[in-house]
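Trainee: I'm new to this one, so could we go through it together, one question at a time?
Mentor: Sure, pull it up and ask away.

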Amino acid sequence: MALYTTQARVTGGRAGHGETSDGLLKVDLALPKELGGQGGATNPEQLFAVGYAACFESAIRFVARKQKLPLDDAAVSATVSLLPNGEGFKLGVALAAETKGLDQAVAEALVSAAHQICPYSNAIKGNIEVALSTVALPAKAA
């Protein structure tokens, strides 16, 4: 049984408009200038980057709570690249995680564990290479 289900509808593809069924997300889409489009609106790669970064950061926080780690804060930057793949295309992803309050080795283990449970990571496993990097920042001053 699903824990949560959502739906989105797009018309016009990369140069169209998308909306979620609850109306909370309404977004115009445009082909990036780098791909010969007009730009000026978001694109699927940007949406994927935001979704993956949000999901991955939540996975980091979930694992930290489960392992009772003293994580003060976390942030994730996702870089998503559209790459040629023969006659088609594929995605490349780099996730850069920052943690506060953990030493480097613990932070790297945490990020690795988060990668094992993140729904996005599991959805693309075996299809998209994901480069992980971790920076452990000092704990917040008291």
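Trainee: How far does helix 1 reach from its first C-alpha to its last?
Mentor: Bear in mind that this is a predicted model. Helix 1 has 23 residues, and at 1.5 Å a residue the expected reach is 33 Å. The model comes close to that, with a reach from first C-alpha to last of 33 Å.

Trainee: Which residue caps the N-terminal end of helix 1?
Mentor: Look for a side-chain oxygen by the backbone nitrogen of E45; the two lie 3.0 Å apart. The residue that brings this oxygen, and so caps the helix by the 3.5 Å cut-off for a polar contact, is N43.

Trainee: And which residue with a positive phi follows helix 1?
Mentor: Go past the end of helix 1 and check the backbone angles there. You'll find a phi near 55 degrees, and it belongs to K68.

Trainee: What covers the buried residues of helix 1?
Mentor: First, see who is buried: the list for helix 1 includes F48, Y52, F56, I60 and V63. Both helices and strands take part in covering them. The cover includes helix 2, helix 3, strand 4, strand 5 and strand 6.

Trainee: Which element gives the most to the largest nonpolar core?
Mentor: That core has 26 residues, and Y52, F56, I60, V76, V93 and L95 have the most contacts inside it. Two or more residues come from each of helix 1, strand 4, strand 5 and helix 2. With 10 residues, the top giver is helix 1.

Trainee: Which residues of helix 2 does I60 contact?
Mentor: Set aside the neighbours of I60 within four places in sequence, and its contacts are L71, A74, V76, A97, L110, V111 and A114. Now compare that with the buried residues of helix 2, which are A107, L110, V111, A114 and H115. The names found in both lists are L110, V111 and A114.

Trainee: Why do the buried residues of helix 2 line one face?
Mentor: The buried ones are A107, L110, V111, A114 and H115. Look down the axis of helix 2: these residues line one face because they fall within an arc of 140 degrees.

Trainee: How far apart are the end C-alpha atoms of helix 2?
Mentor: Helix 2 runs over residues 104-117, which makes 14 residues. At 1.5 Å a residue they should span 20 Å. The model agrees, with the end C-alpha atoms apart by 20 Å.

Trainee: Is A105 buried or exposed?
Mentor: A105 is found in helix 2, and at the start of that helix a side-chain oxygen of D103 reaches to within 3.2 Å of the backbone nitrogen of A105. Exposed means over 50% relative accessible area. A105 has 56% relative accessibility, so it counts as exposed.

Trainee: In what sense do strand 4 and strand 5 pair?
Mentor: Strand 4 and strand 5 form a hairpin with two residues between them, and G86 in the turn has a positive phi of about 65 degrees. One bridge joins A74 to T99 in strand 5. Over 13 bridges, the sense of the pairing is antiparallel.

Trainee: And in what sense do strand 5 and strand 6 pair?
Mentor: Here E98 stands opposite V135 in strand 6. There are eight bridges between strand 5 and strand 6, and their sense is parallel.

Trainee: Is T99 buried or exposed?
Mentor: T99 lies in strand 5. Leaving out residues up to four places away in sequence, T99 touches L71, D73, A74, A107, L110, V135, A136 and L137. Its relative accessibility is 0%, so T99 counts as buried.

Trainee: Which side chain makes a polar contact with that of T20?
Mentor: T20 has its place in strand 2, and with a relative accessible area of 16% T20 is buried. Beyond four places in sequence, T20 touches Q7, A8 and L25. The polar contact, at 2.7 Å, is with the side chain of D22.

Trainee: Last one: in what order do the elements run?
Mentor: The protein chain has three helices and six strands. Starting at the N terminus, the order is β-β-β-α-β-β-α-α-β.

How values were computed. Residues are numbered from 1 along each chain as its sequence is written. This is a predicted model: local features need pLDDT of at least 70, side-chain atom pairs count only at pLDDT 80 or more; totals for chains, interfaces and linings use all residues. Side-chain values use heavy atoms; hydrogens and water are left out. Helices (H or I, at least four residues) and strands (E, at least two) are DSSP runs, numbered from the N terminus. The expected span of a helix is 1.5 Å times one less than its number of residues. Buried means under 20% relative accessible area, exposed over 50%, partly exposed in between (1.4 Å probe, protein chains only). The arc is that of the directions from the helix axis to the C-beta atoms. A polar contact is a pair of N or O atoms within 3.5 Å; within protein, one must be able to donate a hydrogen and the other to accept it, and residues adjacent in sequence count only if both atoms are side-chain atoms. A nonpolar core is a set of buried Ala, Val, Leu, Ile, Met, Phe, Trp, Tyr and Cys residues joined through side-chain atoms within 4.5 Å. Contact means heavy atoms within 4.5 Å. Two strands pair if DSSP finds at least two bridges between them.
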